[in-house]
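Please walk through this structure with me, beginning at a pair of strands and moving on to the bonds and ring contacts around them.

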Amino acid sequence: MEESARKNHWETVYETKNPDQVSWTQEIPQTSLDFIRSFGVNKDAFVIDIGGGDSLLVDFLLQDGYNNVSVLDISEKALEKAKKRLGKNADKVKWIVSDITEFQPKDKYDIWHDRATFHFLTTPEQITKYVDIAKTSVSGYMSIGTFSTNGPTKCSGLEIKQYDEASLSHQLETGFSKLKCITENHETPFGTIQNFIFCSFRRK
């Protein structure tokens, strides 16, 4: 799928669906928060949420006192919804509209968080672009969550690439050292179960 088609797809999703109508919604992104907190960085650390959409993770990071938070998403509509929800607190966040494979970072990030964006990259070219961008911009830690080999093969009508601990670590091994991996069942707002793998890494 070309970048313009990907963008149109996600703009339509966020234009037409509420959080309770999409599978990835979490009331409390506990696993993501646990990984981020485990890195032990200070509250001035630069944190970016890749493909954050209108996820509540940014709300919790602000509550935790992080003051250099960025949220990147291909969908401008998704970020508009997040800004509206946050109100005045939206001014504390750097909002970035970009396809991750075309992202040109201006900052170095102490923490790079990605829940369910990486698995949408299904070609070697897309994956290489992602990894190269992360290697350029991450100075500290990375947390990535994807559908596991026991999870779905599609999300939001799009094909995804499943991972296990070995294959996810392999994709990142040129720039990152694996710290920890876990698998987890995510219950969607409509009661179905999706099995994820989450791994954390340190920049080499």
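## A hairpin, a disulfide and several rings

Strands β8 and β9 form a hairpin with five residues between them, and in that turn G191 has a positive phi of about 85°. Helices and strands are here DSSP runs numbered from the N terminus, a helix being H or I over at least four residues and a strand being E over at least two. This is a predicted model, in which local features need pLDDT of at least 70 and side-chain atom pairs count only at pLDDT 80 or more, while totals for chains, interfaces and linings use all residues. Residues are numbered from 1 along each chain as its sequence is written, and side-chain values use heavy atoms, with hydrogens and water left out.

The two arms of the hairpin run antiparallel, and 11 bridges join β8 (residues 176–187) to β9 (residues 193–203); strands are taken to pair if DSSP finds at least two bridges between them. Within this ladder, E184 of the structure stands opposite F196 in β9.

The hairpin also carries the one disulfide that the structure holds, a disulfide being a pair of cysteine sulfur atoms within 2.5 Å. Its partners are C181 and C199, whose sulfur atoms are 2.0 Å apart. C181 belongs to strand β8 and C199 to strand β9, 18 residues apart, and the pair links distant parts of the chain. The torsion about the S-S bond of C181 and C199 is about 110°, so the disulfide is right-handed. Both C181 and C199 are buried, where buried means under 20% relative accessible area, exposed over 50%, and partly exposed in between, with a 1.4 Å probe and protein chains only. C155, by contrast, is in no disulfide, and the nearest cysteine sulfur, that of C199, is 18 Å away. C155 counts as buried because its relative accessibility is 6%.

We turn next to a loop. Q26 is placed in the loop between α1 (3–16) and α2 (30–38), and at 18% relative accessibility Q26 counts as buried. Leaving aside residues up to four places away in sequence, Q26 touches L56, R115 and H186, contact meaning heavy atoms within 4.5 Å. With R115 there is also a polar contact from side chain to side chain, at 3.2 Å; such a contact is a pair of N or O atoms within 3.5 Å, of which, within protein, one must be able to donate a hydrogen and the other to accept it, and residues adjacent in sequence count only if both atoms are side-chain atoms.

What remains concerns the rings. The structure holds six aromatic pairs, defined for rings of Phe, Tyr and Trp (its six-membered ring) with centres within 6.5 Å, where planes under 30 degrees apart count as stacked, over 60 as edge-to-face and the rest as tilted. One of them is F39 with Y141, which is stacked because the ring centres are 4.6 Å apart and the planes lie at 10°. F39 lies in the loop between α2 and β1 (46–50) and Y141 in strand β5 (residues 138–147), so the pair ties together parts that are 102 residues apart in sequence. F39 is buried, with a relative accessible area of 8%. The rings of F118 and Y163 are likewise stacked, because their centres are 5.3 Å apart and their planes at 25°. Both F118 and Y163 are buried, and together with W112 and Y130 they form one aromatic cluster.
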